[in-house]
Amino acid sequence: MTQMIRFFLNGHRQDVQIRPDTTVLEWLRGEARLKGTKEGCAEGDCGACSVLIGTDRDAIAQADTAAGEPQSDHADGAFRYRAVNSCILTMGQLDGKALVTVEGLKTSQLHPVQAAMAENGSSQCGFCTPGIVMSLSGLAADCASTGAKADDQLIHDTLAGNLCRCTGYRPIVEAARKVVAQGGAVVAAPESDALKNIRPQSGFSYGGSTYHQPQTLKELLELRTQYPQSLLLAGGTDLGVALADYHGDWDEVISTAHVRELREIREDATSFRFGAAVTWAEVLATIGNYYPSLTVLLRRFGSVQIRNQGTIGGNIGTASPIGDGAPALIGLGALIELAGMEGSRTLPLEDFFLDYRKTELRAGEVIASVTLPKLTPDQDYRVYKISKRYDQDISTVCGAFRVTQENGIVTDARIAFGGMAAIPKRVQSAEQALMGKALNEAAVAACAQAIAVELAPLSDWRGSAEYRLMVAQNLVERLRHDLAGEVVEVMAL
Ligand SMILES: Cc1cc2nc3c(=O)[nH]c(=O)nc-3n(C[C@H](O)[C@H](O)[C@H](O)COP(=O)(O)OP(=O)(O)OC[C@H]3O[C@@H](n4cnc5c(N)ncnc54)[C@H](O)[C@@H]3O)c2cc1C
Ligand code: FES
Ligand code: FES
């Protein structure tokens, strides 16, 4: 096995001999002496360390309608650049990719984002500025390659993961508007043929840390069997925080990032199926506005940087009681597919969670995919995230509801909560309380009563048990108003 991690840095090929679990930020500021990338929080929150990662290997959209032919949304083979946080990204994750830092943006003249930031007085102390420039250049590059138009909402979304404490966001937003209005702003790093031909290696090892990059599910499962104690790494937005915070060691890593089956997206008449290693940004791009409420939730899931790297399988794999994906998807009626050497099995997502951080995963198994059912015309779906901040915050309570009604009577209901128990939880007694009734005040009161009986939330610094219970109950009332068309702005939480 080679000792070298191969990638491109600002257009130049690198063969780096380093422990694969070193953070990219540490390497950039240390060995590479590129100090434009800043360290703020070192846990994915502030965006000071933002860089762009380029790859031509996006999720593989496998539309059943398209004669079964796999269709990469990169049929052109072009690199797409996306902003990520380098403080929670490891060197191993760079292999086969292109890394662009703020130093790589400027060639003979300022990059359009840099020029707009300077012209608009968008910087004071400047500590956040390189990260903001990288996020906005990621937006500009994406708009240039997809032809998408960035409106104010997209600009605000893009900046949600970049904290600026002294300039104030108005001049930054104005600079962003200027850049997207100009159009055509692309990453300045040269795209040589060598860059286009770079491919992820099967693995590398250095300094006692080994990093495996299987390409197929079979290879992944064989490696899991061979190295049962290994760390299964998807996007690393969860695992990377612990690594950066506690400086732990990852001696044996198996990455899911290049496993073909886990990168597949399938859509048919009744469902969307996402491979476990599909990122939240890719999920969001696929569902578009199919489930408007889920789209609003996902736009509040971390930040653009987190969604570009974090995956649907990783979110469920954490089994966090306060994660957003699980309650949202249990409420929707999602199924989870688990794969092992003996084959695969599919179960309702709610059955995956057994106890605090304990799941149905058996030794050697991995999460293979998650299937989201499409809604029937008589179904409504809503998910509400209540958190201390609107953006970039963990849920205090997350409530998801799917209600089927016939002639104004509830014929089926699914209700799930995060933040209300040791696991993300479906509340069947609360669902029963709605069945056969009109969604009126009395039905809501019965449902709220069932929630109080079945759920016993914990108190922590995000919210007391009493607060959480009241929020969960009030969300049912909100649902009633929402489905009656009385909630005008679903985002105004
Ligand atoms: C700043 C910040 C903001 C965040 N905001 C949110 C938020 O708003 N809502 C939210 O829910 N989460 C949030 N998160 C947490 C995290 O981003 C998500 O949980 C993300 O989806 C994790 O995916 P990942 O691919 O990065 O997982 P990783 O960190 O790679 O892995 C997480 C866990 O899942 C396991 N795993 C990964 N893939 C598989 C698989 N195929 N089979 C079995 N196990 C697997 C890993 O072994 C690990 O235990 C945030 C994190 C940060 C740092
Ligand atoms: S240093 Fe704050 S997100 Fe990386
Ligand atoms: S310019 Fe000082 S933090 Fe943004």
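1. Gly-138 is placed in helix α4, which spans residues 129-146, and since this is a predicted model, what follows should be read as a description of computed coordinates. At 7% relative accessibility Gly-138 counts as buried, because the cut-off for that class is under 20%. Not counting residues up to four places away in sequence, Gly-138 touches Leu-52 and Tyr-81. The C-alpha atoms of Gly-138 and Asn-308 are 11 Å apart in space, although 170 residues separate the two in sequence.

2. For orientation, the domain assignment of the chain gives four entries, namely domain 1 (4-193), domain 2 (201-255), domain 3 (262-373) and domain 4 (379-483). The points on the contact between domains concern domain 1 and domain 3, whose C-alpha centres lie 25 Å apart.

3. Where these two domains meet, 25 residues of domain 1 are in contact with 16 residues of domain 3. Between them, domain 1 and domain 3 bury about 1600 Å², and 45% of that area is on carbon and sulfur atoms.

4. The polar side of this contact can be itemised as well. Five residue pairs in polar contact, with both residues at pLDDT 80 or more, are counted between domain 1 and domain 3, and the count of salt bridges between these domains is one. On the side of domain 1 that touches domain 3, the elements giving two or more residues are β4 (60-63), β6 (80-85) and α5 (152-159). A salt bridge joins Arg-299 to Asp-157, with the closest N and O atoms 2.6 Å apart.

5. Helix α5 deserves a separate look, since its buried residues are Ile-155, Asp-157, Thr-158 and Leu-159, a list that includes the Asp-157 that forms a salt bridge with Arg-299. What covers the buried residues of α5 includes α4 and α6 (169-182), together with α11 (292-299) and α12 (304-309).

6. In helix α10, which runs over residues 280-287, the buried residues include Trp-280, Glu-282, Val-283, Leu-284 and Ile-287. Their cover includes the strands β12 (264-267) and β13 (271-275), as well as the helices α11, α12, α13 (312-317) and α14 (325-332). Just after α10, Gly-288 takes a positive phi of about 50°.

7. The largest nonpolar core holds 54 residues, of which Leu-294 and Leu-329 touch the most other members. Leaving aside its neighbours within four places in sequence, Leu-329 is in contact with Trp-280, Leu-294, Ile-312, Ile-316, Ala-334, Leu-349, Val-370 and Leu-372. Apart from this core lies another, of 32 residues, among them Val-102, Ala-140, Ile-155 and Cys-164; Ile-155 is also one of the buried residues of α5.

8. The last point concerns Gln-392, which is found in the loop between β19 (379-386) and β20 (397-406). A loop position might be checked for exposure, but at 9% relative accessibility Gln-392 counts as buried, because burial is assigned under 20%. With neighbours within four places in sequence left aside, the contacts of Gln-392 are Gly-44, Asp-45, Ala-160, Gly-161, Arg-300, Gly-302 and Ser-303. For Asp-45 the contact can be given in detail, as its backbone oxygen lies 2.9 Å from a polar atom of the Gln-392 side chain.

Conventions:
Residues are numbered from 1 along each chain as its sequence is written. Chains are lettered from A and ligands numbered from 1 in the order in which they are written. This is a predicted model: local features need pLDDT of at least 70, side-chain atom pairs count only at pLDDT 80 or more; totals for chains, interfaces and linings use all residues. Side-chain values use heavy atoms; hydrogens and water are left out. A nonpolar core is a set of buried Ala, Val, Leu, Ile, Met, Phe, Trp, Tyr and Cys residues joined through side-chain atoms within 4.5 Å. Buried means under 20% relative accessible area, exposed over 50%, partly exposed in between (1.4 Å probe, protein chains only). Contact means heavy atoms within 4.5 Å. Helices (H or I, at least four residues) and strands (E, at least two) are DSSP runs, numbered from the N terminus. A polar contact is a pair of N or O atoms within 3.5 Å; within protein, one must be able to donate a hydrogen and the other to accept it, and residues adjacent in sequence count only if both atoms are side-chain atoms. Domain bounds come from an automatic or database domain assignment. Buried area is the accessible area (1.4 Å probe) that two parts lose on being put together, summed over both. A salt bridge is a side-chain nitrogen of Lys or Arg within 4 Å of a carboxyl oxygen of Asp or Glu.
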